[in-house]
Amino acid sequence: MFILSLGVVIFVTALGGALLVRGVSESHVSGRVRDLTSALHIADAGLDQAVNNLRTPSVADDVLQGTFSSGSFDILSVTNVGSQTYQVTARGTAGSEQRT
């Protein structure tokens with residue numbers, strides 16, 4: 001009976017350890033997804049700022065970087081590709097993640 005009880009305790013301990021490792025891993029993955037999503041939204045804010053820059057006639061007041069509580073954006077390039085058509089590249093950073 002002692003051997004059976006010891007086997008059950010070892011099995012339950014191993015199962016608890018596996019669940020703990022999975023929980024920590026899921027927490028890490030969800031934090032990374034949160035940062036990637038935030039970085040994408042911040043890069044989108046950079047695109048909005050680039051549109052505002054294009055709408056103003058003065059280059060002197062163009063904003064090329066911005067900072068929020070959750071991250072920052074950089075407008076990397078604005079290229080005229082045709083008649084009033086522009087290609088804009090912006091990078092958003094949140095935590096350790098970046099999206100372009």
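**Exercise 1. Find the bridge partner of Thr67 in β2, then work out how β1 and β2 are arranged.**

Step 1. Start at Thr67: its bridge partner in β2 is Ser72. Helices (H or I, at least four residues) and strands (E, at least two) are DSSP runs, numbered from the N terminus.

Step 2. Now zoom out to the strands. β1 covers residues 65-68, and it pairs with β2 in the antiparallel sense over 4 bridges. To pair, two strands need at least two bridges found by DSSP.

Step 3. Look at the link. β1 and β2 make a hairpin, with 2 residues between them.

A word on ground rules: this is a predicted model, where local features need pLDDT of at least 70 and side-chain atom pairs count only at pLDDT 80 or more, while totals for chains, interfaces and linings use all residues. Residues are numbered from 1 along each chain as its sequence is written, and side-chain values use heavy atoms, with hydrogens and water left out.

**Exercise 2. Work out which residues make up the largest nonpolar core, and which element gives the most to it.**

Step 1. Know what you're hunting for: a nonpolar core is a set of buried Ala, Val, Leu, Ile, Met, Phe, Trp, Tyr and Cys residues joined through side-chain atoms within 4.5 Å. Buried means under 20% relative accessible area, exposed over 50%, and partly exposed in between (1.4 Å probe, protein chains only).

Step 2. List the members. The largest core has 6 residues: Ala39, Ile42, Ala50, Phe73, Ile75 and Ala94.

Step 3. Sort by element. Both α1 and β2 (71-82) supply at least two residues each, and α1 gives the most, with 3 residues.

Step 4. Check the surroundings of Ala94. Contact means heavy atoms within 4.5 Å. Leaving aside neighbours within four places in sequence, Ala94 is in contact with Asp35, Ser38, Ala39, Ile42, Ser70 and Gly71.

**Exercise 3. Decide whether Asp35, Thr93 and Gln84 are buried or exposed, and place each one.**

Step 1. Asp35 sits in helix α1 (residues 2-55). With a relative accessible area of 16%, Asp35 is buried. Beyond four places in sequence, its contacts are Ala94, Gly95, Ser96 and Glu97.

Step 2. Thr93 belongs to strand β3. Its relative accessible area is 18%, so Thr93 counts as buried. Not counting residues up to four places away in sequence, Thr93 touches Ala39, Ile42, Ser70, Gly71, Ser72 and Gln98.

Step 3. Gln84 is in the loop between β2 and β3 (85-94). It's exposed, because its relative accessibility is 75%. Check the backbone too: Gln84 has a positive phi of about 55°, although it is not a glycine.

**Exercise 4. Describe the largest pocket: its volume, and what lines it.**

Step 1. Get the volume, which is about 150 Å³. On a 1 Å grid over the protein atoms alone, a pocket is an open set of points where a 1.4 Å probe fits, with protein on both sides within 12 Å along at least five of seven lines; lining residues have an atom within 4 Å of a point. Grid points are joined across faces, edges and corners, and the volume is the space filled by probe spheres set on the points.

Step 2. Find the centre. Of the 13 lining residues, the closest to it are Asn53, Leu54, Asp62, Leu64 and Val78.

Step 3. Tally the elements: β2 gives the most to the lining, with 4 residues.

Technical notes: Ala, Val, Leu, Ile, Met, Phe, Trp, Tyr, Cys and Pro count as nonpolar, Asp, Glu, Lys and Arg as charged, and the others, Gly among them, as polar.
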